[in-house]
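Hi everyone, thanks for coming. Let me put today's structure up on the screen.

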Amino acid sequence: MAEENVPSKDHWLSIGEIAHRSGVAASALRFYEDQGLIDSRRTAGNQRQYQRSTLRRIAFVQAAQRVGLALAEIREALGSLPEDRTPTRSDWSRLSKGWRTRLDERITELERLRDDLDGCIGCGCLSLQRCNLYNKSDRLAERGPGARILNVGIPGE
């Protein structure tokens, strides 16, 4: 019995075709699939096949990663898209509006980082006693892992 909503053969692409069309390595596609960001089906020969509409999801994942969104945030957003049809322009618009505040925060963070680095690189002090980024005796370790001084203003920091 054939399924009514199964796309025709022309709508399915191999992992190589998707990799070529999206510019994303096949290993990254498998990772995206493992992370629940994209889906595939398997052929009788156990080869992955992706719906053509997966190209939009991949582009979305790449754009979201470029602006600094975590995979968990991306997965949550993609999970809100309809499964029974290709997402529409309004679906994508709804997602982008939901991230506007997060993106504005990210822009502010990047501007602050840029300005701090301009000052640090251009200060010419060459002195660890006066450097705003120096962590003498690793005193910031108690605040957790990562670049604690540079992470000021990041949600959750």
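I'll talk about a pair of helices, then the core, and then one aspartate. Please keep in mind that this is a predicted model.

Let's start with the pair. Helix α1 covers residues 15-22 and helix α3 covers residues 54-66. How do they sit relative to each other? Their axes come within 10 Å and cross at roughly 50°. An angle that is neither under 35 degrees, nor over 145, nor from 65 to 115 counts as oblique, and α1 and α3 are therefore oblique to each other. The crossing of α1 and α3 is right-handed.

Which residues meet there? From α1 we have Ile18, Arg21 and Ser22, and from α3 we have Thr54, Leu55, Ile58 and Gln62. Sorted by character, the residues of this contact are three nonpolar, three polar and one charged.

Now for the core. The largest nonpolar core has 23 residues, and the members touching the most others are Leu29, Tyr32, Phe60, Ile74 and Leu78. At least two residues come from each of α1, α2 (26-34), α3, α4 (71-79) and α5 (89-98). Helix α3 gives the most to this core, with five residues.

Have a look at isoleucine 74. Leaving out residues up to four places away in sequence, isoleucine 74 touches Leu37, Phe60, Val61, Ala64, Gln65, Leu69 and Trp99.

Last stop: aspartate 91, which is found in helix α5. Is aspartate 91 buried or exposed? Buried means under 20% relative accessible area, so at 7% relative accessibility aspartate 91 counts as buried. With the same sequence neighbours left out, aspartate 91 touches Leu81, Pro82 and Arg85.

How values were computed:
Residues are numbered from 1 along each chain as its sequence is written. This is a predicted model: local features need pLDDT of at least 70, side-chain atom pairs count only at pLDDT 80 or more; totals for chains, interfaces and linings use all residues. Side-chain values use heavy atoms; hydrogens and water are left out. Axes are lines fitted to C-alpha atoms, for helices over the stretch in contact, and angles run from 0 to 180 degrees between N-to-C directions. Helices (H or I, at least four residues) and strands (E, at least two) are DSSP runs, numbered from the N terminus. A crossing is left-handed if the near helix is turned anticlockwise from the far one by less than a right angle, and right-handed if clockwise. Contact means heavy atoms within 4.5 Å. Ala, Val, Leu, Ile, Met, Phe, Trp, Tyr, Cys and Pro count as nonpolar, Asp, Glu, Lys and Arg as charged, and the others, Gly among them, as polar. A nonpolar core is a set of buried Ala, Val, Leu, Ile, Met, Phe, Trp, Tyr and Cys residues joined through side-chain atoms within 4.5 Å. Buried means under 20% relative accessible area, exposed over 50%, partly exposed in between (1.4 Å probe, protein chains only).
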